[in-house]
Amino acid sequence: MKGPNDYRFDTLSIHAAEMDDQNQALNSPIYMTSTFTFKDLQQAEDTFTFKRRAYVYTRGGNPTVNLFEQRLSVLEGGVDGVAFSSGMAAISSVIMSFTGAGDRILAHRNLYGSTFGFLNHLVSHYGVKTDFVNMTDLDLFETFISPQTKVVYFETPTNPSLEIIDIKRVSEIAHAHGVKVVVDNTFATPVFQRPLELGADVVIHSVTKYISGHGDVVGGFATSKDFDYVQRLKFGFMCELGGVMSPFNAWLLLRGLKTLSLRMDRHASNAMKIANYLNDLDEVERVIYPSLPEHPGHKLAATQMNGSGGIVSFELRGDRDKAETFVKNLELIKLAVSLGDAETLVEVPAMMTHRDYPEEELHIFGFSGKTIRISAGLEHPDDLIDDIEGSLKKVFH
Ligand SMILES: Cc1ncc(COP(=O)(O)O)c(C=O)c1O
């Protein structure tokens, strides 16, 4: 009989870590409970002294949440994982698990806006400092590692510049200095990229995005190959800081995982079609999508990713007014933050998710005030391109 890890990715996203349900339900039940009862005080004492393994309180563990943690860990190649109430809860807990007063974090210069805000401002309240560097330049990156640096943090592809960071080389360099590596794998998902296999120590996700896939959950996740670290993160940080995931959300996420691979293929093929369409237009100044040969990270992406994902960023000729008129005249594509949903979404990061970045220095971070980010959904690609074409006609009439 095959062991749980002998199956392929698409099968594991449906079956990994299956629960042994006494009623033999096909889908795992939702244990929508805050607490778990004991038969008597003896049983309670045995549980609290670890003689008996059992659930106690949902902030410390819940069967539905645990199933989600185990299934996504298998997909990422981790040994166990921790679910959180949001991506930011995962990021802040993981960063806190590696740093204390006097330590430094080394982060790539382009990050999701709230992550940038957290690393740029909030950690300093606890005596921690962050250095921001362009990690696409590996020599420069290494010069920024100091004896105080405890953790390296980056997204790849980055939000919204879609820069590609070399996970293997960055991990090798960081490890040579005894520094841990954390990768935000939200954009690629384990369908397209598995950072733990390339040397990263921890992978985090905003599962709000592709893992959920339906725009109805806010959640986060972290996993690692180091079992002891995952236990420390779960009981020493998630449980104490309190960013716990609801069992109902875990159940929705298990449902999302079943179609992750199918959805990612469609997100990516729609994104590729949009990128190619935009790339052929004179009205478009720049298209950023890693599968385009002119993308600076194109070759590296081909070595560490199986696909480029569903996000396309671009800039129209002219000033920011053009971007504003473009998003205003879209009919099918919705103006919204977030990404990875069935619906195609558009936003202008400098005016929305990335407002924490200093406007006059945006170019340093690889995007500009007029960069438009599209999260390609699952609709028919021709309808998306018709919508973009119709809006562009109004911008450049
Ligand atoms: C790459 C990335 N990481 C982390 C987050 C934060 O996740 P959440 O909104 O679930 O807290 C986001 C949100 O947009 C994101 O895009």
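In this predicted model, Lys-150 is partly exposed, because its relative accessibility of 31% falls between the limits for buried and exposed residues, under 20% and over 50%. Its side chain forms a salt bridge with Asp-103, and the closest N and O atoms of the pair are 3.3 Å apart. Lys-150 belongs to strand E4 (residues 149-155), whereas Asp-103 sits in the loop between helix H4 (87-98) and strand E2 (104-108), so the contact ties together parts of the chain that are 47 residues apart in sequence. Asp-103 itself counts as buried because its relative accessibility is 15%, which is under the 20% limit. The bridge thus joins a partly exposed lysine to a buried aspartate.

Further pairs of this kind occur elsewhere in the model, where the count of salt bridges comes to 12. Side chains of opposite charge can pair when their charged atoms come close. One of the bridges is formed by Arg-373 and Glu-347, with 3.2 Å between the closest N and O atoms. This pair links distant parts of the chain, Arg-373 being in strand E12 (residues 372-375) and Glu-347 in strand E11 (residues 345-347), 26 residues apart. Both partners fall under the 20% limit for burial: Arg-373 is buried because its relative accessibility is 2%, and Glu-347 is buried because its value is 0%.

Another bridge brings together the side chains of Glu-197 and Arg-194, with an N to O distance of 2.5 Å. Arg-194 is partly exposed, because its relative accessibility is 23%. A network of salt bridges also links Glu-69, Asp-80 and Lys-234.

Glu-69 leads from the charged pairs to the internal space of the model. By the rule applied here, there is one cavity of 30 Å³ or more, and the largest cavity holds about 60 Å³ of space. Its lining comprises 13 residues, and Glu-69 is among those nearest the centre, together with Thr-58, Gly-61, Val-65 and Met-238. Helices H3 and H9 are the elements that give two or more residues to this lining, and H3 gives the most, with three. By class, the lining of the cavity has five nonpolar, five polar and three charged residues.

The largest pocket, in turn, has a volume of about 810 Å³. It is lined by 26 residues, of which Arg-53, Ala-54, Tyr-55, Gly-60 and Phe-235 are the closest to its centre. The elements that give two or more residues to the pocket lining are H2, helix H3 (63-76) and helix H9 (227-242). Helices H3 and H9 therefore contribute two or more residues both to the pocket lining and to the cavity lining. The pocket lining divides into 13 nonpolar, six polar and seven charged residues.

The surface offers a further feature, a nonpolar patch of about 280 Å² made by Ile-30, Met-32 and Phe-248. Within this patch, Met-32 lies in the loop between helix H1 (9-15) and helix H2 (41-48). Met-32 is exposed because its relative accessible area is 56%, which is over the 50% limit.

Conventions:
Residues numbered from 1 in each chain as written. Predicted model: local features only at pLDDT ≥ 70, side-chain atom pairs only at ≥ 80, totals over all residues. Heavy atoms only, no water. Patch = residues over 30% accessible without salt bridge, like charges linked within 9 Å, V, L, I, M, F, W, Y side chains within 5 Å. Areas by Shrake-Rupley, 256 points an atom, 1.4 Å probe, with all protein chains shown as cover. Salt bridge = Lys/Arg side-chain N within 4 Å of Asp/Glu carboxyl O. Helix = DSSP H or I, 4+ residues; strand = E, 2+ residues; numbered from the N terminus. Buried < 20%, exposed > 50% of the residue type's maximum accessible area, 1.4 Å probe, protein only. 1 Å grid on protein atoms, 1.4 Å probe; cavity = no way out; pocket = protein on both sides within 12 Å on 5 of 7 lines; lining within 4 Å. Points joined across faces, edges and corners; volume = space filled by probe spheres on them. Nonpolar A, V, L, I, M, F, W, Y, C, P; charged D, E, K, R; others polar.
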